[in-house]
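Student: Hey, got a minute to walk me through a model? I'd like to go piece by piece.
Tutor: Sure, put it up and ask away.

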Amino acid sequence: FFFCVYKKDKSPADESGGKMEAAWPGNGSDFNPHAPYRMYHGHHIPGFPQHPHRGFETITATMEGLIDHADSVGNAGRYGEGDVQWMTAGGGVVHGEMFPLVHADKPNHLRLFQIWLNLPSKSKMVQPSFAMFWNSDVPVYHTDDGKASVTVWAGDYFLKEDVKQNSPPPDSWAADESNDVAVLHITVQPGGAIVIPKANKSGDGNSINRSIYLIEGHEGNVKVDGKIIGEKVCLTLDATKDVPIELDQGANEEVQFLLLQGKPINEPVAQHGPFVMNTQSEIRDAFMDYQRTQFGGWPWPKDDMVFPQDKGRFALSDGKETRPPSASSTTESCTS
């Protein structure tokens, strides 16, 4: 992992008559952390119009709100409310991620993580791939007293025997179980506790990196491994040990953590903007390839592509459209 962003926007209800646009246009680079919501690189609709990637993967794990995705391969989707999208950029893909104000009858709050997961050198130029995991397919563990939970976005942790984890794209570093990649969203209510077990592969001579981020509820003085944490912070944990998390009964609100872990790839990293390779020469090649080919071109009519307001959640891959089980009886996950 080399990049992680937590987006939390309190966007208002749509007042544009169905255009799903914000009331005021963006300036093309709106990342004001003190504003109730941001336009990012969007002008009329918040989000990130078409832009390229090469050499890594994006995991977009949602909690609230909706996202419209479109890419140069022809894949597309509207997802959110707990869905997870996993995209392997590989040798090159152009995609857009927009946050349209879909709802006119209520605020369009948005909360999600986007996490960039590196690819090893042997996989940096693979064909792009796209996977959608609907929220009903994302495992969630609850303690017996119901005061703590873990949403398992990736990894073999907190899974009951009859629960099967979603499979990462085939070329992902996470697809190899020996790399022990995990992405966990941990929530603890006042009076709750949970123990993060030691890494599955920590005793196999592997060096597993494990970090945990306190993202919500930092004023509750939560204890992590017996130490009180009173501010938003990133902690590096010893992956060979169990780590307890406890929140005092008198806390005013729940706490939430993001845990990231995995075996290091142990290769050089060269990054420039949206390209992540192993050498500066490969970065220059990426820029030249994109200028020459546009990574296949943009097949959509708008750079900030969004779908009709009443479209609902869907995934389009290889020309086949699927929907969540609650919306349709078609295939529940979509991978290409």
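Student: Let's start with Glu-81. Buried, partly exposed or exposed?
Tutor: Partly exposed, because its relative accessibility is 38%. Keep in mind that this is a predicted model.

Student: Where does Glu-81 sit?
Tutor: In the loop between strand 5 (76-80) and strand 6 (84-88). Its phi is near 55°, a positive value in a residue other than glycine.

Student: And Asp-225, what's its phi like?
Tutor: Near 55°, so to speak on the positive side, and Asp-225 is not a glycine. Asp-225 is in the loop between strand 15 and strand 16, and it counts as partly exposed because its relative accessible area is 46%.

Student: Which sheet do strands 15 and 16 belong to?
Tutor: An open one of four strands, in the order 13-18-15-16, with antiparallel pairing. Strand 13 (193-196) and strand 16 (227-229) are at the edges with a single partner strand each, so one side of each has no neighbour in the sheet. From one strand to the next, the twist averages 25°.

Student: How many bridges join strand 15 to strand 18?
Tutor: Two, between residues 222-224 and residues 243-246, and the strands run antiparallel. Lys-223 is opposite Glu-246 of strand 18.

Student: OK, the other sheet. What's the strand order in the one with six strands?
Tutor: 2-7-4-5-22-23, open, and again the pairing is antiparallel. Strand 2 and strand 23 (320-322) are the edge strands, each pairing on one side only. The twist there averages 20° from one strand to the next.

Student: What about strand 4 and strand 5, how many bridges?
Tutor: Five, in the antiparallel sense, with strand 4 covering residues 66-71. Ala-70 is opposite Ala-76 in strand 5.

Student: Switching to strand 9. How many of its residues are buried?
Tutor: Five of the five, so strand 9 is largely enclosed by the rest of the structure. Both faces are covered: Ser-129, Ala-131 and Phe-133 are buried on one side, and Phe-130 and Met-132 on the other.

Student: Why do they split up like that?
Tutor: In a regular strand, side chains alternate between the two faces of the sheet.

Student: Which strand is joined to strand 9 by five bridges?
Tutor: Strand 6, running antiparallel to strand 9. Within that pairing, Val-84 is opposite Phe-133 of strand 9.

Student: There's a loop leading up to strand 9. What about Val-126 there, buried or exposed?
Tutor: Val-126 counts as buried, because its relative accessibility is 16%. The loop in question runs between strand 8 (108-118) and strand 9 (129-133).

Student: What does Val-126 touch, leaving aside its neighbours within four places in sequence?
Tutor: Thr-88, Ala-89, Gly-90, Gly-91 and Asp-171.

Student: And how far is Val-126 from Asp-71, C-alpha to C-alpha?
Tutor: They are separated by 16 Å, and they're 55 residues apart along the chain.

Student: Now helix 1. How long is it?
Tutor: Helix 1 has 14 residues, 280-293, and reaches 20 Å from its first C-alpha to its last. That's close to the 20 Å expected at 1.5 Å a residue.

Student: Which of its residues are buried?
Tutor: In helix 1, Ile-283, Ala-286, Asp-289 and Tyr-290 are buried. Seen down the helix axis, they fall within an arc of 125°, so they line one face.

Student: Why would that spacing put them on one face?
Tutor: An α-helix has 3.6 residues a turn, so residues three or four places apart point the same way.

Student: What do the buried residues of helix 1 pack against?
Tutor: Strand 2 (47-53), strand 7 (93-98), strand 20 (270-272) and strand 21 (275-277). The face turned away from the buried side carries the exposed residues Arg-284, Gln-291 and Arg-292.

Student: What comes right after helix 1?
Tutor: Gln-294, with a positive phi near 55°.

Student: Last topic. How many disulfides are there?
Tutor: The count comes to zero. The sulfur of Cys-4 has its closest cysteine sulfur in Cys-234, and they don't bond because 9.3 Å is too far.

Student: Are those two cysteines buried, partly exposed or exposed?
Tutor: Cys-4 is partly exposed, with a relative accessible area of 30%. Cys-234 counts as partly exposed too, at 40% relative accessibility.

Definitions and conventions
Residues numbered from 1 in each chain as written. Predicted model: local features only at pLDDT ≥ 70, side-chain atom pairs only at ≥ 80, totals over all residues. Heavy atoms only, no water. Pairing = 2+ DSSP bridges. Axes fitted to C-alpha atoms, helices over the stretch in contact; angles between N-to-C directions. Buried < 20%, exposed > 50% of the residue type's maximum accessible area, 1.4 Å probe, protein only. Contact = heavy atoms within 4.5 Å. Disulfide = S-S within 2.5 Å. Expected span 1.5 Å × (residues − 1). Arc of directions from axis to C-beta.
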